[in-house]
Amino acid sequence: MAQRPDTVEFIDNLRQQLQELFPTRLDKAGRVNLKELNPAELEQFFAVLGESRYRVQQFLNWIYIKRVLTFAQMTDLSAKLRGRLELLACVPSLALADPRQSRQDTSKYLFALPDGNMVESVKMRYLEHLGPGRVAVCISSQVGCAMQCQFCASGQAGLVRNLQAWEIVDQALQIQRLLDSCGERVANVVFMGIGEPMRNLDNVLRAVELLNCGDGFGVGMRHIAISTCGVVPGIDRLAQLKYPLKLAISLHAPTDSLRSKLMPVNRRWNLAELMASCHRYQEAVGRRITFEYVMLEGVNDSLEDAERLVKLLKGLRSLVNLIPWNAVEHPAFKRSSAARVRRFQERVEELGVRCTLRREKGSDIDAACGQLRLHKMAEYKDKGGESPEEAVELFE
Ligand code: SF4
């Protein structure tokens with residue numbers, strides 16, 4: 001016997017129940033964004049539709065393992081359920097706006113968000129320790145950034161808005177879709193793209209949960225790193241959660257006077273407060289902390305700076321990662337010479353702290369934080385674009 005179609009009243013009733021259950025996970029049309037829900041919430045969602053828990057696994061499998069884009073492609077769900085999902089839920093995806101291939105094992109992707117804003121993500125293949133076919137992706141947590149670090153293109157442009165959790169996860173997911181044809185797998189995720197993750201921590205933590213989900217994307221917590229410019233309450237919150245995530249601190253200066261000039265965040269939480277929170281974090285989580293240090297000629301790259309840096313890190317299990325500076329359009333800084341970088345690295349190591357030099361990656365593709373987005377947005381402005389929708393079209 002043919003099934004009777006759902007009545008308008010029946011669908012309206014379901015919609016109302018779902019909107020009451022997930023008021024913060026709705027799209028503009030009032031549909032539940034299923035890519036924002038964790039497994040427990042998905043179970044609640046399907047229960048409202050009268051479906052069993054098994055649907056959660058099926059859904060996660062379609063989105064994160066088979067990586068389909070629409071409900072219509074979820075062919076082991078009944079036609080009736082797919083019809084209800086179309087009316088009551090959505091599974092949005094980021095649109096690839098501008099992929100750039102670097103010559104240096106690094107690819108940069110510009111994604112268009114549904115509102116026409118842009119985010120950047122970077123895929124890094126050069127991390128040999130991950131093993132063959134395994135790559136790391138560096139993802140953004142905000143559109144723009146409010147932190148105003150002097151050497152950073154994103155800091156120059158200011159904050160536009162926080163990314164939602166699904167917009168963070170989808171950067172990794174869409175890169176994985178692009179890698180499927182060449183058999184590569186996203187094995188590590190690094191929150192080191194545009195934005196300060198600790199200023200959007202609820203959504204970042206939700207994204208971590210979704211990336212980590214065993215029936216879904218399945219990236220281990222130990223393979224997820226969060227980088228901060230030094231937002232102490234965020235570090236403390238991570239310490240309380242005790243997730244075995246990797247923490248990286250964008251340090252860049254060994255004294256308060258210099259750091260406050262380079263990074264305004266230091267005027268709010270100085271080095272003593274930052275280091276105290278690093279100790280609390282390490283005590284709680286037990287993992288080594290990475291300190292990122294961008295090398296600026298004549299600014300922070302002397303042997304005395306190296307010695308001050310080691311003193312600062314005393315008592316912490318740490319790794320210093322030196323970063324060759326990518327020339328952003330900022331005349332105030334020069335890239336440290338290779339000889340100065342080598343001397344700095346040797347001094348830090350002599351004094352007993354492990355110190356690595358980040359391999360060159362993607363300076364030829366605007367790989368410095370925020371540069372590609374800024375260039376594309378400027379290009380868009382030059383062409384007289386007005387609405388966000390036009391911005392998306394321009395790059396398709
Ligand atoms: S370096 Fe990071 S925290 Fe600082 S302005 Fe750039 S994106 Fe923001």
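**Close-up views of a predicted model**

**View 1. Strand 6 and its parallel partner.** Strand 6 and strand 9 (residues 185-191) run parallel and are joined by 5 bridges. Within this pairing, Arg134 of strand 6 has Arg185 as its bridge partner in strand 9. The model shown here and in the following views is predicted. Strand 6 is mostly covered, since 4 of its 5 residues are buried.

**View 2. The antiparallel side of strand 6.** Strand 6 (residues 134-138) also pairs with strand 5, and here the two run antiparallel, with 3 bridges between them. Two of the residue pairings can be followed by name: Met124 has Ala136 as its bridge partner in strand 6, while Lys123 is matched in strand 6 by Val137. Val137 appears again in the view of the nonpolar core, where it is listed among the residues with the most contacts inside that core.

**View 3. Strand 5, enclosed on both faces.** Strand 5 (residues 118-124) has 7 of its 7 residues buried, so this strand is largely enclosed by the rest of the structure. The burial extends to both faces, with Met118, Glu120, Val122 and Met124 on one side, and Val119, Ser121 and Lys123 on the other. Glu120 and Lys123 are thus to be found among the buried residues of the strand, on opposite sides of it.

**View 4. The hairpin of strands 4 and 5.** Strand 4 (residues 106-112) runs antiparallel to strand 5, and 7 bridges join the two. Ala112 has Met118 as its bridge partner in strand 5. The hairpin has 5 residues between its strands, and in this hairpin Gly116 adopts a positive phi near 90 degrees.

**View 5. The largest nonpolar core.** The largest nonpolar core comprises 105 residues, and those with the most contacts inside it are Phe111, Val137, Val169, Ala172, Val189 and Leu211. Helix 6 (residues 165-179) makes the greatest contribution to this core, giving 7 residues. The core draws on both domains, with at least three residues from each of domain 1 (8-90) and domain 2 (95-381).

**View 6. The surroundings of Leu211 within the core.** Once neighbours within four places in sequence are set aside, the contacts of Leu211 are Val169, Ala172, Val189, Phe217, Val219 and Ile224. Of these, Val169, Ala172 and Val189 are themselves listed, together with Leu211, among the residues with the most contacts inside the core.

**View 7. The shell around the ligand.** There are 13 residues around the ligand, and those that come nearest are Cys145, Met147, Cys149, Cys152 and Gly155. By residue class, the shell consists of 7 nonpolar, 5 polar and 1 charged.

**View 8. Two loop residues with positive phi.** Arg67, in the loop between helix 3 (54-65) and helix 4 (79-88), has a phi near 60 degrees, a positive value in a residue other than glycine. Arg67 counts as partly exposed because its C-beta neighbours inside 10 Å number 17, whereas a residue is buried if 20 or more lie within that distance. Lys242, in the loop between helix 8 (232-241) and strand 11 (246-250), likewise has a positive phi near 60 degrees in a residue other than glycine. Lys242 counts as exposed because it has 11 C-beta neighbours inside 10 Å, the limit for that class being 12 or fewer.

**View 9. Loop residues and their partners distant in sequence.** Gly214 is placed in the loop between helix 7 (201-212) and strand 10 (224-228) and counts as exposed, with 9 C-beta neighbours inside 10 Å. From C-alpha to C-alpha, Gly214 and Leu60 are 9.6 Å apart in space, although 154 residues apart in sequence. Asn270, which belongs to the loop between helix 10 (265-268) and helix 11 (271-285), is partly exposed, with 15 other C-beta atoms within 10 Å. Asn270 and Gly230 are 40 residues apart in sequence, and their C-alpha atoms are 8.6 Å apart in space.

**View 10. The chain as the setting for the close-ups.** The chain holds 15 helices and 14 strands, and 43% of its 396 residues count as buried. Among contacts between residues at least 6 apart in sequence, 66% join residues at least 24 apart.

Notes:
Residues are numbered from 1 along each chain as its sequence is written. This is a predicted model: local features need pLDDT of at least 70, side-chain atom pairs count only at pLDDT 80 or more; totals for chains, interfaces and linings use all residues. A nonpolar core is a set of buried Ala, Val, Leu, Ile, Met, Phe, Trp, Tyr and Cys residues joined through C-beta atoms within 7 Å. Domain bounds come from an automatic or database domain assignment. Two residues are in contact if their C-beta atoms, placed from the backbone, lie within 7 Å. A residue is near a molecule or strand if its C-beta atom, placed from the backbone, lies within 6 Å of it. Ala, Val, Leu, Ile, Met, Phe, Trp, Tyr, Cys and Pro count as nonpolar, Asp, Glu, Lys and Arg as charged, and the others, Gly among them, as polar. Two strands pair if DSSP finds at least two bridges between them.
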